[in-house]
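Thank you all for coming. I would like to take a few minutes to walk through one model, beginning with its ligand contacts and moving from there to the sheet and the aromatic rings.

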Amino acid sequence: MRLLSLSSLIWLAIAAPLAGQADSASDPVLAGAELAAVERLFVSQCARCHGMGGTGGIAPSFRQPKLRRAPTDDAMVRVILSGIPGTAMAGFWNLSEDEARQLTAYVRSLGRLPPERVPGDSGRGRALYAGPGNCSTCHILAGDGAGWAPDLTDVGRRLNAAFLRRALIEPGADQPVLPLPSVHGPYPAYLVIEVTTGSGKTLSGTRVSEDDFTLVLRAVDGRLHSLEKTSLKALRKLPGQSPMPSYATAFSAEQLDDLVAYLASLKGEQ
Ligand code: HEC
Ligand code: HEC
């Protein structure tokens, strides 16, 4: 298949009245080869985080009429070109402003599609969250609970149903990664570490911070332990593991559906 050239994309941007007005003001007529070109750009640049067709993944779904960080088309162009500081959404310096406007029009068109349907009963899911799952011993939700694990207040906006289900069944499969440059490699936000102290005690927890000399661990009970690396008998990093238990067997398939429906309904305040 022939790839559309950059100049045809630019032509498109001039030909189609896409330039950003407020909110849903842009009503792009994306069709045929033009649509195919923007879709290709989306697939190559955006889909690995925002999902194929913008259904969401490790980044927000675009199947929603309002995007919090991009309320207007101009704001979305800025988000695309400059990124959102402190998040995995880095700026796309390789894209032109015209391409960013094309993508903005495309993302807006996704927002007019119906939202994802999730099986399960969110009311029953809410009861499970508060019940034996003990989710709030680690998570915080709308200000309630212990707060060291990810805040779930708007998790339904950030992750799609498939990712939510995977988070419950295979925790650690898609660990959040902090956008920090680090000499210790990619910085999983919840790297599990097991140590044997000088006195032979084993201790495990998630890494809070680490440099060449010191390691700060948070045990599952939330307590912090500051350890001198040279005093340790052993130190094992367990990437891919999570402090969160898997709920694959603790809940039935129907209960997992309910819990996913509940989590998917958590959009935070708009
Ligand atoms: C490496 C992963 C990644 C890629 C690739 C990526 N994004 Fe994002 N994007 C994110 C994350 C994470 C957020 C949410 C940041 C936050 O608000 O916490 C985000 C947020 C956004 C938002 C704001 C959403 C909202 O709810 O307000 C827009 C718009 C956006 N991205 C557009 C794009 C476009 C268009 C592309 C492709 C050019 C793209 N992103 C590529 C990770 C990514
Ligand atoms: C022992 C602490 C602990 C318990 C109990 C726990 N979690 Fe988690 N959870 C975590 C940690 C830490 C992470 C981040 C690391 C990861 O993704 O594996 C996480 C990740 C998640 C995520 C993905 C969040 C994101 O932003 O990526 C969801 C959803 C989630 N948990 C839901 C639940 C639900 C629902 C329950 C109860 C049924 C629960 N958790 C119980 C510690 C816990």
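**Two ligands, a sheet and some rings**

In ligand 1, an oxygen atom lies 3.2 Å from a polar backbone atom of Arg68, and I should say at once that this distance, like every other value today, is computed from a predicted model. Arg69 also contributes through its backbone, with a polar atom there 2.5 Å from an oxygen atom of ligand 1. Helices H3 and H4 are the elements that give two or more residues to the shell around this ligand. A side chain takes part as well, since a polar side-chain atom of His50 is placed 2.8 Å from a nitrogen atom of ligand 1. If we step back to the surroundings as a whole, there are 23 residues around ligand 1, and those that come nearest are Cys46, Cys49, His50, Arg69 and Met89.

Let me turn to the second ligand. Which residues come nearest to ligand 2? Of the 29 residues around it, they are Cys135, Cys138, His139, Ser242 and Met244. Two of these make polar contacts through their side chains: a polar side-chain atom of His139 lies 2.8 Å from a nitrogen atom of ligand 2, while one of Ser242 lies 2.7 Å from an oxygen atom of the ligand. Helix H8, residues 161-169, and helix H9, residues 253-264, each supply at least two residues of the shell, and H8 gives the most, with 3 residues.

His139 deserves a closer look. Its place is in the loop between helix H6 (122-130) and helix H7 (155-158). Is His139 buried or exposed? Its relative accessibility is 11%, and because buried means under 20%, His139 counts as buried. The side chain of His139 also has a polar atom 2.7 Å from the backbone oxygen of Pro150.

Next comes the sheet. Here 5 strands form an open sheet, in the order S6-S5-S4-S3-S7, with antiparallel pairing. At the edges are strand S6 (224-228) and strand S7 (234-238), each of which pairs on one side only. Neighbouring strands of this sheet are turned against each other by 40 degrees on average, if direction is ignored. Strand S3, residues 192-196, runs antiparallel to S7 and is joined to it by 5 bridges, and within that pairing Thr196 has Ala234 in S7 as its bridge partner.

Finally, the aromatic side chains, where the structure holds 4 aromatic pairs. In one of them, the ring centres of Phe42 and Phe62 are 6.1 Å apart and the planes stand at 65 degrees, so the pair is edge-to-face, the cut-off for that description being over 60 degrees. Phe42 lies in helix H2 (residues 32-45), whereas Phe62 lies in the loop between helix H3 (47-50) and helix H4 (73-82), so this pair ties together parts that are 20 residues apart in sequence. Phe42 counts as buried at 1% relative accessibility, and Phe62 is buried too, with a relative accessible area of 10%. Ring pairs link these two residues and Tyr106 into a cluster.

One further ring has a charged neighbour: Arg166 lies over the face of Phe163, at 5.5 Å from the ring centre. I will stop there, and I am glad to take questions.

Definitions and conventions. Residues numbered from 1 in each chain as written. Chains lettered and ligands numbered in written order. Predicted model: local features only at pLDDT ≥ 70, side-chain atom pairs only at ≥ 80, totals over all residues. Heavy atoms only, no water. Phe/Tyr/Trp six-rings, centres within 6.5 Å; stacked < 30°, edge-to-face > 60°. Helix = DSSP H or I, 4+ residues; strand = E, 2+ residues; numbered from the N terminus. Buried < 20%, exposed > 50% of the residue type's maximum accessible area, 1.4 Å probe, protein only. Lys NZ or Arg CZ within 6 Å of the ring centre and 35° of its normal. Pairing = 2+ DSSP bridges. Axes fitted to C-alpha atoms, helices over the stretch in contact; angles between N-to-C directions. Near = heavy atom within 4 Å. Polar contact = N/O pair within 3.5 Å; in protein donor to acceptor, adjacent residues only side chain to side chain.
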